[in-house]
Amino acid sequence: MRVNFDASLPPERVTTVEYGEAEEFIRLCHAEAAVPGLRVDERLAQVKEEIAETGSYRHTYAELAHGARVAWRNSARCIGRLYWRGLRVRDRRDVRDAAGVAAECVTHLHEATRGGRIRPTLTVFAPDSPTAPGPRIHNDQLIRYAGYRLEDGSVLGDPQYVEFTDTVRELGWHAPERRGSFDVLPLLVEAEPGSRQLFGLPTDAVLEVPLTHPDHRWFAGLGLRWHAVPAISNMPLEIGGVRYCAAPFNGWYMATEIGARNLADVTRYNLLPVIAGLMGLSTDDDRTLWRDRALVELTLAVQHSFDHAGVTIADHHSESQRFLTHLEREERAGRSCPADWSWIVPPLSGAQTPVFHRYYDEPDPATRPAFLPAGHESDQK
């Protein structure tokens, strides 16, 4: 793929899709999925002609949907790939304007949340073309919490988003009059290069779960909560040489993601010293394992709270077993199942899960279809 958005350049310099990439995907799609319409050779001839004329081509819905699902199947860092065939794909490639993108992101959240019965969902917006880039969503997830740097150097809210919070405030976002630890950030959408617009998320699009503990009444007094839908929004989706830089997608949370990372990491909410203190644990010496004990209780509170609220959430023991089921299915299908061990093994009680006790095929960064790391939207190949 060559990325060059200067429409004044001669046609031979603005080609964005190489036919070989398109051919590889079209053949994969016809081999694996029920694709209505043309036979594979007829479809390839059509794609080849379209690329020759325009520099790119348009996926059919069946191709788009299967490509998105295979991209999830290829995601080496995801432990939840067993469900890849069930990904719901919303085709919004006709949407290019910022307001339209934001509105569809809100609809995505409504349709994915379903009152707590979370459904894996992906919304695809207009792709990059030979003459212009498609839209971008600068948030790393559709729902994130603000981080405010205080005068004493500490942070109120999520420290990971201090810089992003500063950016949206400079662009005109007004934080709540009474700032808190869980203020939902606005969407920052760039429909045209250099033109960024802010859109607040309506409260009814953001399902949040207040956190309590099954055994410790004091836990509720901490006023903690977390949002239900982890919708990643800044990873470009590449299918058959076509790059969709705005393609937010979600599964559901695993409790350790919230309890053992978001709320526990020193660079995030750093709540373990608080939890340990309320548990009456000595934090003077790490050899007391106070961190470990507090981490279990914090993660238990997340799991308990989501279950009590009727919101879908996975536990790391069950999800580890399901990942091995997925791996076995892939091997029976004659496919490799690359995995990043450091992401597949849960951040809590890793050795107590079956995914810890084996090695995996190394991920290949050239594998396609794929969700690309953030920042790859303007790469040249």
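The following paragraphs describe helix packing, sheet arrangement, aromatic pairing and backbone geometry in a predicted model.

Two packed helices are described by the angle between their axes and the distance between the axes. Helix H1, which spans residues 19-32, takes part in two such packings, with helix H2 (residues 40-54) and with helix H3 (residues 61-73). The axes of H1 and H2 come within 10 Å and cross at roughly 155°; because angles over 145 degrees count as roughly antiparallel, H1 and H2 are therefore described as roughly antiparallel to each other. The crossing in which H1 passes H2 is right-handed. On the H1 side the contact involves Tyr19, Ala22, Glu23, Ile26, Arg27 and His30, and these residues meet Val40, Arg43, Leu44, Val47, Lys48 and Ile51 of H2. Sorted by class, the residues of this contact between H1 and H2 comprise seven nonpolar, one polar and four charged.

With H3, by contrast, H1 packs at an angle of about 90°, the axes of the two helices being 10 Å apart, which makes H1 roughly perpendicular to H3. Phe25, Ile26, Leu28, Cys29 and Glu32 are the contributors from H1, whereas H3 supplies Ala62, Glu63, His66, Gly67, Val70 and Arg73. The contact of H1 with H3 thereby includes six nonpolar, two polar and three charged residues. Ile26 of H1 appears in the contact with H2 and also in the contact with H3.

A further helix pair is formed by H6 (residues 255-262) and H8 (residues 290-309), which pack at an angle of about 145° with their axes 8 Å apart. The crossing of H6 and H8 is right-handed. In this contact Ala255, Thr256, Ile258, Gly259 and Ala260 of H6 are set against Leu295, Leu298, Thr299, Val302, Gln303 and Phe306 of H8. The residues concerned in the contact of H6 with H8 divide into seven nonpolar and four polar, with no charged residue among them.

Turning to the sheets, strands E3, E6 and E7 form an open three-stranded sheet in the order E3-E6-E7, with antiparallel pairing. The edge positions are taken by E3 (136-137) and E7 (195-199), each of which pairs on one side only. Strand E6 (residues 187-192) runs antiparallel to E7 and is joined to E7 by five bridges; within this pairing, Val189 stands opposite Gln197 and Glu192 stands opposite Ser195. Helix H4 (residues 98-113) packs on this sheet and touches E3, E6 and E7, the direction of H4 making about 140° with that of E6. E6 and E7 also constitute a hairpin with two residues between the strands, and in the turn Gly194 has a positive phi of about 85°.

Another open sheet of three strands has the order E12-E11-E14, and here too the pairing is antiparallel. Strands E12 (242-244) and E14 (370-371) stand at the edges with a single partner strand each, so that one side of each is left without a neighbour in the sheet. Three bridges connect strand E11 (residues 237-239) with E12, the two strands running antiparallel, and Glu238 is found opposite Arg243 of E12. Helix H3 packs on this sheet, where H3 touches E11, E12 and E14 and has a direction at about 120° to that of E11. H3 is thus in contact both with this sheet and with H1.

A search of the whole structure for aromatic pairs returns 10. In one of them, the ring centres of Tyr145 and Phe182 are 5.2 Å apart and the ring planes stand at 85°, so the pair is edge-to-face. Tyr145 lies in the loop between E3 and strand E4 (147-149), while Phe182 lies in the loop between helix H5 (162-170) and E6; with 37 residues separating them, the pair links distant parts of the chain.

Two features of the backbone remain to be described. Most residues other than glycine have a negative phi, and most peptide bonds are trans. Arg114, in the loop between H4 and strand E2 (121-125), has a positive phi, near 50°, although this residue is not glycine. Arg368 and Pro369 are joined by a cis peptide bond with omega of about 0°, and Pro369 is located in the loop between helix H10 (341-344) and E14.

How values were computed. Residues numbered from 1 in each chain as written. Predicted model: local features only at pLDDT ≥ 70, side-chain atom pairs only at ≥ 80, totals over all residues. Heavy atoms only, no water. Axes fitted to C-alpha atoms, helices over the stretch in contact; angles between N-to-C directions. Helix = DSSP H or I, 4+ residues; strand = E, 2+ residues; numbered from the N terminus. Parallel < 35°, antiparallel > 145°, perpendicular 65-115°, else oblique. Contact = heavy atoms within 4.5 Å. Nonpolar A, V, L, I, M, F, W, Y, C, P; charged D, E, K, R; others polar. Left-handed = near helix turned anticlockwise from the far one by under 90°. Pairing = 2+ DSSP bridges. Phe/Tyr/Trp six-rings, centres within 6.5 Å; stacked < 30°, edge-to-face > 60°.
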